[in-house]
Amino acid sequence: MGEPKLHILAHGAVFSIVRIITSQATPIPSEAAPAMSKAGKEVARPEELLQRHRRLIEAVKGVEEEVWGSSGLLVNHAVLAALYAYRVALGEGADAEAVFVASLLSDAVTALEKKAGELCPRRRALLLEEALEKSGYPEELAKRVRRVLEDGESKRILGDADALAKLMLTGLLESAATRLNRGRDVLAAFLEAASRQLTAIANLDCLVSTRTAKRIARTLSERLRDTILSEIGEMRRLGLLVDVEERIEDGHQLVLVVPRRCPMCGAVLEAKEERNPGCGGVRISTVCGRCGWTYSVTVCPPPPCRS
Ligand SMILES: [Zn+2]
């Protein structure tokens, strides 16, 4: 019976490795402990919510396919944002499940609006309530979701959740993927996405507004900033002359990642700079005179900061 024992041992070793890796992140809560709202009410756990609302997630995927053809960017972002919305709602004492559902749907509705024309907030909330009821959702939950969409405080949570999902490394990937879809090469897409992420991080106080989100954002943004800057540091060590420029425009901090020499042929790049008065930001663009490599980036402070 030597062999089976060995198998168990091997499995045991694998399990302990898995545990070491994941325990460095947030510990996985035990099944027994229910999530609690601030008021001490029991709330469904995030994994339960994902299961309970999986048809809604499918619906978001359907909207993405209809509007853009499939890419997965919208539905992936919607799920992460909805999970952050839940977490922030718990911390702020809001209706966590209704906030989760509202967040899950909000980008899909925006995508549909881009196609069909903008709706006023009240009409939007009513339409969502109707759609949820038609999909077999209990009237009571549909009403709670509508309330979330009409209430200013909950809207702040939805905005914060969206910003937090973008502060994850997947947010950087999402931003770069959008640029790749527009025909940029990988390097240009990364540098452009890095500029936008670093600018968002430099304006963290405008990016999120609730206390819970501010706390989460600090940790997330430090990690993302370190990752981006160490990647750019590595590029410089390789001999790619990339500068990170920090500057203040109209009281907002902007961060621009600008290549000084062409990464494809080494020629000196002349960057052209324009103000973007609409968003209080700056646009930098350059084309390599020797090989035609192009790069451009527009950075704007986050919307609530612009006014
Ligand atoms: Zn070149």
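Before I turn to the structure, one definition will help: the expected span of a helix is 1.5 Å times one less than its number of residues. Please also keep in mind throughout that what we are looking at is a predicted model.

Let me apply that definition to helix H4, which runs over residues 73–92. With 20 residues at 1.5 Å each, H4 should span 28 Å, and its end C-alpha atoms are indeed 28 Å apart, so the expected and the computed values agree.

Now for the setting of this helix. The protein has 307 residues, of which 35% are buried, and it contains 13 helices and seven strands. If we take the contacts in the protein with a separation of 6 or more, 59% of them join residues that are 24 or more positions apart.

Is H4 itself mostly covered or mostly open? It is mostly covered, since 15 of its 20 residues are buried.

One neighbour of H4 is helix H8, residues 152–166, and the axes of the two helices come within 8 Å and cross at roughly 130°. That angle makes H4 oblique to H8, because it falls neither in the range of 65 to 115 degrees that counts as roughly perpendicular nor over 145, where roughly antiparallel begins. The crossing of H4 and H8 is, in addition, right-handed. If you would like to find the contact on the screen, look on H4 for residues including His77, Leu80, Tyr84 and Val88, and on H8 for residues including Ile157, Leu158, Ala161 and Leu164. Sorted by character, the residues of this contact of H4 with H8 comprise 11 nonpolar, one polar and three charged.

Val88 also leads us to another part of the chain. Ile216 is 128 residues from Val88 in sequence, yet their C-alpha atoms are 8.8 Å apart in space. Ile216 is found in helix H12, which covers residues 211–237, and it counts as buried because 20 other C-beta atoms lie within 10 Å, where the cut-off is 20 or more.

A second pair of this kind starts from Gly91, which also lies in helix H4. The C-alpha atoms of Gly91 and Ala213 are separated by 8.6 Å, although the two residues are 122 residues apart along the chain. Gly91 has 18 other C-beta atoms within 10 Å, and it is therefore partly exposed.

Finally, let us look at where the helix ends: just after H4 comes Gly93, which takes a positive phi of about 75°.

Definitions and conventions
Residues numbered from 1 in each chain as written. Predicted model: local features only at pLDDT ≥ 70, side-chain atom pairs only at ≥ 80, totals over all residues. Axes fitted to C-alpha atoms, helices over the stretch in contact; angles between N-to-C directions. Helix = DSSP H or I, 4+ residues; strand = E, 2+ residues; numbered from the N terminus. Parallel < 35°, antiparallel > 145°, perpendicular 65-115°, else oblique. Left-handed = near helix turned anticlockwise from the far one by under 90°. Contact = placed C-beta atoms within 7 Å. Nonpolar A, V, L, I, M, F, W, Y, C, P; charged D, E, K, R; others polar. Buried ≥ 20, exposed ≤ 12 C-beta atoms within 10 Å, placed from the backbone.
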